[in-house]
Every structure is written in C-alpha cells, then in structure tokens.
Amino acid sequence: GYRQAAASAAASNFLGNLGGGFRYIRSRRVIVGILTVTILLNVLGFPFISMLPVIARDELGLSPVLTGVLASAEGLGALITALAIATRAGPLHYTRIYLYGSFIFLLAVLLFSLSNWFGVSLALVFIGGLGIAGFATMQGTILLLASPSEMRGRTMGALGMVIGGGHLLG
C-alpha cells in the first residue's frame, strides 16, 4: 500500500540525487581536482603517519621518547600553518595554499623516507606538518566555496567517500 509507494519514491529520489551529485561534481574541474589531490595524498602521503613509529625505531634507532618528539613535530608544523592561515590568508590564496601544502607534504614525506638522521628527519616531519595543514584546512573550504548551497552536502559527501576510499587503495 502506501508505505511501499513512499519507499519506492524515496529510493527513486535518492538515486536521482546521487546521479545529479555525480554529474555536478564531474562538471566542475576545481571539485574534481580537489578530490583527485585528496586521493593522491591518502594513497601516497598519509600511510607515513602510521609508519613513523616503525621507521623511528627500526631505521633511526630512536627511543620511545624521541619517537614522540619526532611525531609531535608534525603537529607543531600544522599548528603554525593553521594559525598563519587563520590570521593572514584570504580567499584568493586558498587554492595556492592547498596545492603548495599538498606538494610540500608529499615532498617532505618522500625525503623523510630517505633520511637516516634524527635531526634531518625531525625537520622534514615538521615541514610535512606545515604542508598538511595547508592541505587539510583548504580541501573542505574550497569545496564549500565552489559549490552552490544545494550541492554542498553532495560534494562534502564525495569528499568523505574519497577520504575513506583512499585508505582502501593505500
């Protein structure tokens, strides 16, 4: 009866909204670019975070205390960048902050993987933190600004899917 028709209409509306969201996202280069860069960072960069303690112990020969210092360097770099963005960045800078932050993070991770000295590794993890904050603070901001209000939920949902799906690929 009535419930069947309501459920069928809801499923039809859901599929229509889903298809409309995908069509909208594909039509906007900036959104496709943000989602692509997010996938790349999830696959190529973020696994370093879970590997940092292993690298610190096995490759750098660090104690648990120095491993904590090394890991906290990323947070310090991210905090400094987040404060700088909050106090100095304007909308005209958002895309550059996002792209440069992404590049800096990936480059720092790559160089960290080649380092076998604590001081160099500490500096690289700190620099990676500088970059990751630029990436993380701007990805959602750019998507929200690039989408009309009726599409924001769908574009942010796509970002969530890409973030979650990136862990499956990496």
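The exercises below work through a predicted model, each with a solution in steps.

**Exercise 1. The nonpolar core**

Task: State how many residues the largest nonpolar core has, and find which helix gives the most to it.

Solution:
- Step 1. The largest nonpolar core has 36 residues. Leu-35 and Leu-70 are those with the most contacts inside it.
- Step 2. Two or more residues of this core come from each of α1 (2-27), α2 (29-44), α3, α4 (64-88), α5, α6 and α7.
- Step 3. The most, 9 residues, is given by α6.
- Step 4. Take Leu-70 and leave out residues up to four places away in sequence: Leu-70 then touches Leu-52, Ala-56, Leu-60, Leu-62, Phe-112, Phe-118, Ser-121, Leu-122 and Val-125.

**Exercise 2. Ser-121**

Task: Decide whether Ser-121 is buried or exposed, and name the side chain with which its own side chain makes a polar contact.

Solution:
- Step 1. Ser-121 belongs to helix α6.
- Step 2. The relative accessible area of Ser-121 is 1%. Buried means under 20%, so Ser-121 is buried.
- Step 3. The side chain of Ser-121 makes a polar contact, at 2.8 Å, with the side chain of Ser-115.
- Step 4. Neighbours within four places in sequence aside, Ser-121 is in contact with Leu-60, Leu-70, Phe-112 and Ser-115.

**Exercise 3. Ser-147**

Task: Locate Ser-147, classify it as buried or exposed, and list what it touches.

Solution:
- Step 1. Ser-147 sits in the loop between α6 (118-146) and α7 (149-169).
- Step 2. With a relative accessible area of 3%, Ser-147 is buried.
- Step 3. A polar contact of 3.2 Å joins the side chains of Ser-147 and Thr-155.
- Step 4. Not counting residues up to four places away in sequence, Ser-147 touches Tyr-24, Ile-31, Arg-152 and Thr-155.

**Exercise 4. The salt bridge**

Task: Say how many salt bridges a search of the whole structure finds, and describe the partners of the one that involves Asp-58.

Solution:
- Step 1. Side chains of opposite charge can pair when their charged atoms come close.
- Step 2. The search of the whole structure finds 1 salt bridge.
- Step 3. Asp-58 forms a salt bridge with Arg-57, and the closest N and O atoms are 2.7 Å apart.
- Step 4. Arg-57 is in helix α3 (residues 47-58).
- Step 5. Exposed means over 50% relative accessible area; Arg-57 has 51% and is therefore exposed. Asp-58, at 47%, counts as partly exposed.

**Exercise 5. Distance in sequence and in space**

Task: Give the separations in sequence and in space for Arg-57 and Ala-84, and for Leu-66 and Leu-122.

Solution:
- Step 1. Arg-57 and Ala-84 are 27 residues apart in sequence, and their C-alpha atoms are 33 Å apart.
- Step 2. Leu-66 and Leu-122 are 56 residues apart in sequence, with 9.7 Å from C-alpha to C-alpha.
- Step 3. Leu-66 lies in helix α4 and is partly exposed, at 34% relative accessibility.

**Exercise 6. The nonpolar surface patch**

Task: List the residues of the nonpolar surface patch, and find the helix that supplies the largest share.

Solution:
- Step 1. The patch covers about 880 Å² and is made by Leu-99, Tyr-100, Phe-103, Ile-104, Leu-107, Leu-110, Leu-111, Leu-114 and Ile-127.
- Step 2. Helix α5 (residues 94-114) supplies the largest share, 8 residues.
- Step 3. Leu-110 is found in helix α5. Its relative accessibility of 48% makes Leu-110 partly exposed.

Notes: Residues are numbered from 1 along each chain as its sequence is written. This is a predicted model: local features need pLDDT of at least 70, side-chain atom pairs count only at pLDDT 80 or more; totals for chains, interfaces and linings use all residues. Side-chain values use heavy atoms; hydrogens and water are left out. Patches are made of residues with over 30% relative accessible area and no salt bridge: like charges are joined within 9 Å, nonpolar side chains (Val, Leu, Ile, Met, Phe, Trp, Tyr) within 5 Å. Accessible areas come from the Shrake-Rupley method with a 1.4 Å probe; for residues, only the protein chains shown count as cover. A salt bridge is a side-chain nitrogen of Lys or Arg within 4 Å of a carboxyl oxygen of Asp or Glu. Helices (H or I, at least four residues) and strands (E, at least two) are DSSP runs, numbered from the N terminus. Buried means under 20% relative accessible area, exposed over 50%, partly exposed in between (1.4 Å probe, protein chains only). A polar contact is a pair of N or O atoms within 3.5 Å; within protein, one must be able to donate a hydrogen and the other to accept it, and residues adjacent in sequence count only if both atoms are side-chain atoms. Contact means heavy atoms within 4.5 Å. A nonpolar core is a set of buried Ala, Val, Leu, Ile, Met, Phe, Trp, Tyr and Cys residues joined through side-chain atoms within 4.5 Å.
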